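Let's walk through this one together, from one pair of strands out to the rest of the fold. Have the viewer open and follow along.

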Amino acid sequence: MTPRFVRDTEAAEAVIDWAAPFEALAAGLTFVSRGRTVTETDVVQFAALTGDYHPLHTDAHFAASGPFGERVAHGMLTISYAVGLVPLDPARVLALRRIGDVVFKRPVKLGDTIHVEGSVSGLSAISDEAGIVTFSWRIKDAHGKLLTRASIDVLWSTDHVAAAEPELAVVATATGPTAVDRVVEGIQAVPAAYLEDLHPTGAYCPVPF
């Protein structure tokens, strides 16, 4: 049976809707993620990926005489797994902007199951299309003990739809092209010649046009 991580105050808290637009969010919205057990394989693979082979993570004999009495997971592994546990909606969250104020309170030992409890602590509109959502994250074990806390900023999209550009009506004349026709022809001709000078036919162009 999958453990259910519930706080005493959960019933009184408003839970975040991950699909909601930025303008529908409010400070104080909360969430509780699913859990994940950190295994020896996780730690070994993380060490290989990052090159962090500190003996507290990879040497059982060394770690046994260390401050924790056994091997522990990398702190950055804990943060990385937390990012994966939080169900951010890719249709809403455009980018991860900042991870700050990280405090590692307790070690994550092999076999510990972690989850994330979080809340919206700040909102900052930056354009019609998106805003910054600041989360307060608390990574805990299955017994509710605080392991790590951090502040996370993400770029969150709005439901703003840009106003359509008014169409330019061109009236044909019997005597030939209008002034608007000539301007449009000039606009169409310039980019082709300009791009040919910058990137001759057959030359590598890193930007698709």
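Start at G118, which sits across from W137 of strand β5. Before going further, a word on ground rules: this is a predicted model, where local features need pLDDT of at least 70 and side-chain atom pairs count only at pLDDT 80 or more, while totals for chains, interfaces and linings use all residues. Numbering runs from 1 along each chain as its sequence is written, and side-chain values use heavy atoms, with hydrogens and water left out.

Back to the strands. β4 and β5 run antiparallel, paired over eleven bridges, where pairing means that DSSP finds at least two bridges between two strands. The link between β4 and β5 is a hairpin with four residues in it. On to the next strand: β5 also pairs with β6, again antiparallel and over eleven bridges, and here I132 has L155 of β6 as its bridge partner. β5 and β6 are likewise joined as a hairpin with four residues between them, and in that turn G144 has a positive phi of about 85 degrees.

How covered is β5? Ten of its twelve residues are buried, and buried here means under 20% relative accessible area, with exposed being over 50% and partly exposed in between (1.4 Å probe, protein chains only).

Now zoom out. The chain has five helices and six strands, and their order from the N terminus is β-β-α-α-α-α-β-β-β-β-α. These elements are DSSP runs numbered from the N terminus: helices are H or I with at least four residues, strands are E with at least two. Of the 209 residues in the chain, 32% are buried. If you take contacts (heavy atoms within 4.5 Å) between residues at least 6 apart in sequence, 65% of them join residues at least 24 apart.

What sits inside? The largest nonpolar core has 31 residues, and I16, F135 and W156 are the ones with the most contacts inside it. At least two residues of this core come from each of α1, α4, β4, β5 and β6. A nonpolar core, for the record, is a set of buried Ala, Val, Leu, Ile, Met, Phe, Trp, Tyr and Cys residues joined through side-chain atoms within 4.5 Å. Click on F135 and look around: leaving aside neighbours within four places in sequence, F135 touches I16, W18, F31, S119, V120, S121, A150, S151, I152, V154 and W156.

Helix α4, residues 75-85, is the next stop. Its buried residues are L77, T78, I79, Y81, A82 and L85. An α-helix has 3.6 residues a turn, so residues three or four places apart point the same way. The buried residues of α4 pack against β2 (36-37), α1 (40-50), β3 (93-104), β4 (113-125), β5 (130-141) and β6 (146-157).

α4 also shows up on the outside. M76, V83, L96, I99, V102 and F104 make a nonpolar surface patch of about 500 Å². α4 and β3 each give at least two residues to that patch, with β3 supplying the largest share, four residues. Patches are built from residues with over 30% relative accessible area and no salt bridge, joining like charges within 9 Å and nonpolar side chains (Val, Leu, Ile, Met, Phe, Trp, Tyr) within 5 Å. Why does V102, in strand β3, count as partly exposed? V102 counts that way because its relative accessibility is 32%. For the whole chain, the exposed area is about 13,000 Å², and carbon and sulfur atoms supply 58% of it; the areas come from the Shrake-Rupley method with a 1.4 Å probe, and for residues only the protein chains shown count as cover.

Last, the charges. Side chains of opposite charge can pair when their charged atoms come close. The structure holds six salt bridges, each a side-chain nitrogen of Lys or Arg within 4 Å of a carboxyl oxygen of Asp or Glu. One of the salt bridges joins E40 and R71, at 2.9 Å from N to O. E40 lies in helix α1 and R71 in the loop between α3 (60-64) and α4, so the pair ties together parts 31 residues apart in sequence. R71 is buried at 18% relative accessible area, whereas E40 is partly exposed at 42%.

E117 and K140 form another salt bridge, with the closest N and O atoms 3.2 Å apart. E117 belongs to strand β4 and K140 to strand β5, so this pair ties together parts 23 residues apart in sequence. Both E117 and K140 are buried, which brings you back to the strands where the walk began.
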